[in-house]
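Please consider the charged side chains of the model shown below and the way in which they pair. The account that follows takes these contacts in turn.

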Amino acid sequence: MSIKNKVVLITGAGSGIGMGIAIRFAKSCAKLSLIDINSDKLDNVALKCEYESKERVLKIVTDISVRDNIKNVVNTTLREYGRIDVVVNCAGTSGNGFITSEELLNDLDIVLNINLKSVIALTHYAANALIESKGGVINIASMLAYFVGKGAIPYIVAKAGVLHFTKCAALELAEKGVRVNSISPGPVKTNILLNIIQNQEKSDEFWDNLGKQTPLGRLVKAEEIAELAVYLASNKAMSITGSDFLIDAGSTLSKL
(Lines give C-alpha, C1' and ligand atoms only; values in the text may rest on other atoms or scores of the structure.)
Protein backbone atom coordinates (compact mmCIF):
# COMPACT_ATOMS: atom_id res chain seq x y z
CA MET A 1 0.00 0.00 0.00
CA SER A 2 2.74 2.44 -1.03
CA ILE A 3 4.45 2.36 2.38
CA LYS A 4 7.82 1.09 1.15
CA ASN A 5 10.65 3.56 1.87
CA LYS A 6 8.36 6.05 3.57
CA VAL A 7 9.94 7.61 6.65
CA VAL A 8 7.69 6.89 9.62
CA LEU A 9 8.30 8.46 13.04
CA ILE A 10 6.58 6.62 15.90
CA THR A 11 6.52 7.68 19.55
CA GLY A 12 5.86 5.17 22.30
CA ALA A 13 7.33 2.49 20.05
CA GLY A 14 8.85 0.43 22.85
CA SER A 15 5.75 -1.51 23.86
CA GLY A 16 2.04 -2.10 23.42
CA ILE A 17 0.25 -0.40 20.55
CA GLY A 18 3.33 1.53 19.49
CA MET A 19 5.34 -1.67 19.19
CA GLY A 20 2.61 -3.28 17.11
CA ILE A 21 2.49 -0.28 14.79
CA ALA A 22 6.28 -0.19 14.42
CA ILE A 23 6.52 -3.87 13.50
CA ARG A 24 3.67 -3.58 10.99
CA PHE A 25 5.29 -0.62 9.24
CA ALA A 26 8.57 -2.56 9.20
CA LYS A 27 6.82 -5.42 7.42
CA SER A 28 5.85 -2.88 4.76
CA CYS A 29 9.51 -1.86 4.43
CA ALA A 30 9.13 1.64 5.84
CA LYS A 31 12.15 3.54 7.12
CA LEU A 32 11.58 3.89 10.85
CA SER A 33 12.42 6.46 13.49
CA LEU A 34 11.37 4.88 16.78
CA ILE A 35 11.00 6.90 19.96
CA ASP A 36 10.65 5.67 23.53
CA ILE A 37 11.83 6.52 27.03
CA ASN A 38 12.85 2.92 27.80
CA SER A 39 16.08 1.97 26.03
CA ASP A 40 15.85 -1.77 26.66
CA LYS A 41 12.33 -2.04 25.28
CA LEU A 42 13.22 0.15 22.32
CA ASP A 43 16.25 -2.00 21.49
CA ASN A 44 14.04 -5.09 21.53
CA VAL A 45 11.46 -3.59 19.18
CA ALA A 46 14.14 -2.20 16.87
CA LEU A 47 15.64 -5.68 16.46
CA LYS A 48 12.23 -7.08 15.52
CA CYS A 49 11.68 -4.28 13.02
CA GLU A 50 15.10 -4.69 11.46
CA TYR A 51 14.45 -8.41 11.05
CA GLU A 52 11.22 -7.65 9.19
CA SER A 53 12.42 -4.79 7.01
CA LYS A 54 16.09 -5.74 6.58
CA GLU A 55 16.78 -2.03 7.16
CA ARG A 56 18.57 -0.28 10.02
CA VAL A 57 16.16 1.46 12.38
CA LEU A 58 16.80 4.87 13.93
CA LYS A 59 16.32 4.66 17.69
CA ILE A 60 15.88 7.75 19.86
CA VAL A 61 15.65 7.28 23.61
CA THR A 62 14.12 10.38 25.12
CA ASP A 63 11.42 11.85 27.34
CA ILE A 64 8.86 13.50 25.08
CA SER A 65 7.25 15.35 27.97
CA VAL A 66 10.12 17.82 27.46
CA ARG A 67 9.53 20.17 24.55
CA ASP A 68 13.16 20.49 23.45
CA ASN A 69 13.41 16.71 23.28
CA ILE A 70 10.54 16.63 20.82
CA LYS A 71 12.22 19.20 18.61
CA ASN A 72 15.40 17.11 18.73
CA VAL A 73 13.45 14.00 17.68
CA VAL A 74 12.33 15.76 14.50
CA ASN A 75 15.76 17.21 13.74
CA THR A 76 17.51 13.89 14.32
CA THR A 77 15.07 12.08 12.05
CA LEU A 78 15.55 14.66 9.31
CA ARG A 79 19.33 14.43 9.59
CA GLU A 80 19.14 10.64 9.26
CA TYR A 81 16.60 10.33 6.46
CA GLY A 82 16.20 13.80 4.95
CA ARG A 83 12.41 13.67 5.14
CA ILE A 84 9.42 12.67 7.25
CA ASP A 85 6.37 11.12 5.60
CA VAL A 86 4.30 9.90 8.55
CA VAL A 87 4.13 10.82 12.23
CA VAL A 88 2.42 8.40 14.62
CA ASN A 89 1.77 9.97 18.01
CA CYS A 90 1.38 6.90 20.19
CA ALA A 91 3.26 7.64 23.42
CA GLY A 92 0.96 7.74 26.40
CA THR A 93 0.61 7.24 30.10
CA SER A 94 -2.28 6.40 32.37
CA GLY A 95 -3.59 8.92 34.87
CA ASN A 96 -6.25 8.70 37.51
CA GLY A 97 -7.66 11.47 39.65
CA PHE A 98 -10.86 12.77 41.16
CA ILE A 99 -11.60 16.49 41.18
CA THR A 100 -10.95 16.51 44.96
CA SER A 101 -7.74 14.44 44.83
CA GLU A 102 -4.72 16.13 46.38
CA GLU A 103 -2.48 15.01 43.52
CA LEU A 104 -4.91 15.86 40.73
CA LEU A 105 -3.04 18.89 39.37
CA ASN A 106 0.35 17.20 39.53
CA ASP A 107 -1.04 14.14 37.75
CA LEU A 108 -2.78 16.39 35.24
CA ASP A 109 0.51 18.06 34.30
CA ILE A 110 2.22 14.70 33.77
CA VAL A 111 -0.58 13.20 31.69
CA LEU A 112 -1.26 16.30 29.59
CA ASN A 113 2.44 16.72 28.80
CA ILE A 114 2.72 13.19 27.41
CA ASN A 115 -0.78 12.39 26.11
CA LEU A 116 -1.71 15.76 24.59
CA LYS A 117 1.04 18.38 24.56
CA SER A 118 3.57 16.02 22.98
CA VAL A 119 1.07 15.26 20.20
CA ILE A 120 0.64 18.95 19.45
CA ALA A 121 4.35 19.73 19.76
CA LEU A 122 5.53 16.89 17.53
CA THR A 123 2.97 17.75 14.87
CA HIS A 124 4.09 21.39 15.10
CA TYR A 125 7.80 20.66 14.76
CA ALA A 126 7.28 18.11 11.98
CA ALA A 127 4.75 20.21 10.05
CA ASN A 128 7.12 21.74 7.51
CA ALA A 129 8.64 18.36 6.69
CA LEU A 130 5.18 16.83 6.33
CA ILE A 131 4.07 19.67 4.07
CA GLU A 132 7.10 19.06 1.86
CA SER A 133 6.40 15.32 1.64
CA LYS A 134 2.59 15.67 1.49
CA GLY A 135 2.58 13.30 4.43
CA GLY A 136 0.26 12.47 7.26
CA VAL A 137 -0.24 12.30 11.01
CA ILE A 138 -1.92 9.50 12.95
CA ASN A 139 -2.79 10.25 16.56
CA ILE A 140 -3.64 7.47 18.99
CA ALA A 141 -6.56 8.63 21.14
CA SER A 142 -8.94 6.39 23.11
CA MET A 143 -12.57 5.34 23.17
CA LEU A 144 -12.65 6.99 26.62
CA ALA A 145 -12.47 10.35 24.84
CA TYR A 146 -16.14 9.82 23.99
CA PHE A 147 -17.27 9.40 27.60
CA VAL A 148 -17.30 11.18 30.90
CA GLY A 149 -16.31 9.20 33.96
CA LYS A 150 -15.22 9.41 37.55
CA GLY A 151 -11.67 9.08 38.75
CA ALA A 152 -9.77 9.47 35.47
CA ILE A 153 -9.95 13.17 34.72
CA PRO A 154 -6.36 13.60 33.43
CA TYR A 155 -6.53 10.71 30.98
CA ILE A 156 -10.03 11.32 29.65
CA VAL A 157 -9.49 15.07 29.22
CA ALA A 158 -6.16 14.52 27.45
CA LYS A 159 -7.57 11.97 25.01
CA ALA A 160 -10.60 14.16 24.28
CA GLY A 161 -8.13 16.92 23.52
CA VAL A 162 -6.34 14.66 21.04
CA LEU A 163 -9.59 14.20 19.10
CA HIS A 164 -10.22 17.93 18.83
CA PHE A 165 -6.60 18.71 18.01
CA THR A 166 -6.73 16.11 15.22
CA LYS A 167 -9.66 17.89 13.60
CA CYS A 168 -8.12 21.36 14.03
CA ALA A 169 -4.79 20.26 12.57
CA ALA A 170 -6.53 18.42 9.73
CA LEU A 171 -8.42 21.55 8.75
CA GLU A 172 -5.33 23.76 8.86
CA LEU A 173 -3.07 21.37 6.96
CA ALA A 174 -5.54 20.07 4.37
CA GLU A 175 -4.80 22.83 1.86
CA LYS A 176 -1.11 21.95 2.17
CA GLY A 177 -1.72 18.32 1.30
CA VAL A 178 -1.19 16.87 4.79
CA ARG A 179 -3.76 14.49 6.26
CA VAL A 180 -4.36 14.15 10.01
CA ASN A 181 -6.44 11.36 11.50
CA SER A 182 -6.82 9.57 14.81
CA ILE A 183 -7.50 6.06 16.04
CA SER A 184 -9.45 5.49 19.26
CA PRO A 185 -8.71 2.02 20.61
CA GLY A 186 -10.93 0.27 23.08
CA PRO A 187 -9.65 -2.40 25.47
CA VAL A 188 -6.19 -3.51 24.32
CA LYS A 189 -4.08 -5.78 26.48
CA THR A 190 -0.91 -3.81 27.23
CA ASN A 191 1.33 -3.39 30.25
CA ILE A 192 -0.27 -0.12 31.39
CA LEU A 193 -2.47 -1.81 33.95
CA LEU A 194 0.38 -4.03 35.10
CA ASN A 195 2.40 -0.90 35.81
CA ILE A 196 -0.39 0.21 38.13
CA ILE A 197 -1.26 -2.95 40.02
CA GLN A 198 2.16 -4.65 39.61
CA ASN A 199 0.66 -8.13 39.64
CA GLN A 200 0.58 -10.20 36.45
CA GLU A 201 -2.12 -12.57 37.66
CA LYS A 202 -4.51 -9.78 38.59
CA SER A 203 -3.72 -8.00 35.33
CA ASP A 204 -4.54 -11.10 33.28
CA GLU A 205 -7.78 -11.62 35.20
CA PHE A 206 -8.79 -8.01 34.60
CA TRP A 207 -8.22 -8.21 30.86
CA ASP A 208 -9.99 -11.55 30.53
CA ASN A 209 -13.07 -10.17 32.26
CA LEU A 210 -12.95 -6.95 30.27
CA GLY A 211 -12.84 -8.81 26.97
CA LYS A 212 -15.90 -10.85 27.91
CA GLN A 213 -17.83 -7.64 28.62
CA THR A 214 -17.45 -6.20 25.10
CA PRO A 215 -20.27 -6.85 22.59
CA LEU A 216 -17.88 -8.92 20.47
CA GLY A 217 -16.67 -10.78 23.53
CA ARG A 218 -13.00 -10.08 22.85
CA LEU A 219 -10.19 -7.63 23.38
CA VAL A 220 -8.73 -5.50 20.62
CA LYS A 221 -5.30 -6.62 19.41
CA ALA A 222 -2.47 -4.17 18.88
CA GLU A 223 -1.92 -5.75 15.47
CA GLU A 224 -5.43 -4.72 14.40
CA ILE A 225 -4.72 -1.11 15.31
CA ALA A 226 -1.44 -1.34 13.41
CA GLU A 227 -3.23 -2.52 10.26
CA LEU A 228 -5.52 0.49 10.46
CA ALA A 229 -2.57 2.84 10.96
CA VAL A 230 -0.81 1.49 7.88
CA TYR A 231 -3.99 1.89 5.84
CA LEU A 232 -4.41 5.52 6.97
CA ALA A 233 -0.79 6.22 6.03
CA SER A 234 -1.18 4.72 2.58
CA ASN A 235 -2.40 6.17 -0.72
CA LYS A 236 -5.61 4.18 -0.30
CA ALA A 237 -6.72 6.73 2.30
CA MET A 238 -5.92 9.88 0.34
CA SER A 239 -9.41 11.33 0.85
CA ILE A 240 -9.52 10.69 4.59
CA THR A 241 -8.60 13.50 6.97
CA GLY A 242 -9.94 14.87 10.23
CA SER A 243 -11.53 11.51 11.02
CA ASP A 244 -11.41 9.34 14.12
CA PHE A 245 -11.61 5.56 13.85
CA LEU A 246 -13.00 3.60 16.78
CA ILE A 247 -11.65 0.09 17.10
CA ASP A 248 -13.16 -1.14 20.35
CA ALA A 249 -14.86 -4.52 19.89
CA GLY A 250 -18.16 -2.67 20.06
CA SER A 251 -17.51 -1.22 23.52
CA THR A 252 -18.99 2.19 22.73
CA LEU A 253 -22.21 0.59 21.53
CA SER A 254 -22.96 -0.67 25.03
CA LYS A 255 -22.32 2.81 26.42
CA LEU A 256 -24.84 4.59 24.18
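Lysine 59 is partly exposed in this predicted model, its relative accessible area being 39%. Its side chain meets that of aspartate 43 in a salt bridge, with an N to O distance of 2.8 Å. The contact joins distant parts of the chain, since lysine 59 belongs to strand 3 (residues 58-61) and aspartate 43 to helix 2 (residues 39-53), 16 residues apart. Aspartate 43 has a relative accessibility of 33% and therefore also counts as partly exposed, the class in question lying between the 20% and 50% limits.

A search of the whole structure finds six salt bridges. One of them is formed by arginine 24 and glutamate 227, whose closest N and O atoms are 2.8 Å apart. This pair, too, links distant parts of the chain: arginine 24 lies in helix 1 (residues 16-27) and glutamate 227 in helix 8 (residues 222-233), with their positions 203 residues apart. Arginine 24 has a relative accessible area of 17% and is therefore classed as buried, because that class covers values under 20%. Glutamate 227, by contrast, is partly exposed at 41%.

A further salt bridge connects glutamate 224 with arginine 218, the closest N and O atoms being separated by 3.2 Å. Glutamate 224 is partly exposed, with a relative accessibility of 27%. Arginine 218 is likewise partly exposed, with a relative accessible area of 31%.

Conventions. Residues numbered from 1 in each chain as written. Predicted model: local features only at pLDDT ≥ 70, side-chain atom pairs only at ≥ 80, totals over all residues. Heavy atoms only, no water. Salt bridge = Lys/Arg side-chain N within 4 Å of Asp/Glu carboxyl O. Helix = DSSP H or I, 4+ residues; strand = E, 2+ residues; numbered from the N terminus. Buried < 20%, exposed > 50% of the residue type's maximum accessible area, 1.4 Å probe, protein only.
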